[in-house]
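Student: I have not seen this structure before, and I would like a close look at one part of it, the sheet. Could you take me through how its strands are arranged and what surrounds them?

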Amino acid sequence: MCIRDSVKNLNKEFKIFIKLASFSSLKSAQLMKKKLSYVKNIKIYKTMFRDREIFQVKAGPLKDVKKVDALHDLLLKKGMQGAQIVIE
């Protein structure tokens, strides 16, 4: 998925992340982060979903769209089929 067209149409500041996985346990999220140590700027974000804590593992925020596309392609090649580009 190429996001260049979507991003250039936005008239406000934005942040681009690649959401790698979501877990109900912090320990599982930390293990995923460790497995992806070859990716820079990975963080764990705590959020609520259906009254439950969820720990999302994301790369970002990223500003360079070309780098986002390249990282997303690399993750897909390494088997991270669930990696999703998210614009916030």
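The sheet and its surroundings

Tutor: Strands β2 and β3, the latter covering residues 52-62, pair in the antiparallel sense over eight bridges, where two strands are said to pair if DSSP finds at least two bridges between them. The model is a predicted one, in which local features need pLDDT of at least 70 and side-chain atom pairs count only at pLDDT 80 or more, while totals for chains, interfaces and linings use all residues. Residues are numbered from 1 along each chain as its sequence is written, and side-chain values use heavy atoms, with hydrogens and water left out.

The whole chain holds three helices and four strands, both being DSSP runs numbered from the N terminus (H or I over at least four residues for a helix, E over at least two for a strand). Along the sequence these elements follow the pattern α-β-α-β-β-α-β. In space, the four strands form an open sheet with antiparallel pairing, in the order β2-β3-β1-β4. The edges are taken by β2 (42-49) and β4 (84-87), and because each has a single partner strand, one side of each is left without a neighbour in the sheet. From one strand to the next, the twist averages 40°.

Moving across the sheet, we can pick out a residue pair at each junction. Between β2 and β3, Met48 stands opposite Glu53 in β3. Strands β1 and β3 pair in the antiparallel sense over six bridges, and there the bridge partner of Ala21 is Val57 in β3. Strands β1 and β4, which also run antiparallel, are joined by four bridges, with Ile16 having Ile87 in β4 as its bridge partner.

Two salt bridges are counted in this model, a salt bridge being a side-chain nitrogen of Lys or Arg within 4 Å of a carboxyl oxygen of Asp or Glu. In general, side chains of opposite charge can pair when their charged atoms come close. One of these salt bridges joins the side chains of Lys46 and Glu53, at 3.4 Å from N to O. Lys46 is exposed, with a relative accessible area of 58%, whereas Glu53 is partly exposed at 37%; buried means under 20%, exposed over 50% and partly exposed in between, using a 1.4 Å probe and protein chains only. The side chains of Glu88 and Lys58 meet in a salt bridge at 2.8 Å, again from N to O. Glu88 lies in the segment after β4 and Lys58 in strand β3, so this pair ties together parts that are 30 residues apart in sequence. Lys58 is buried, its relative accessible area being 7%.

A helix also belongs to this picture, since α3 packs on the sheet, touching β1 (16-23), β3 and β4; contact here means heavy atoms within 4.5 Å. The direction of α3 makes about 30° with that of β1, where axes are lines fitted to C-alpha atoms, for helices over the stretch in contact, and angles run from 0 to 180 degrees between N-to-C directions. Within α3, which spans residues 65-77, we find His72, a buried residue with a relative accessible area of 7%. Leaving aside residues up to four places away in sequence, His72 touches Ile18, Ala83, Gln84 and Ile85.

Finally, for the chain of 88 residues as a whole, buried residues make up 33%. Of its contacts with a separation of 6 or more, 64% are between residues 24 or more positions apart.
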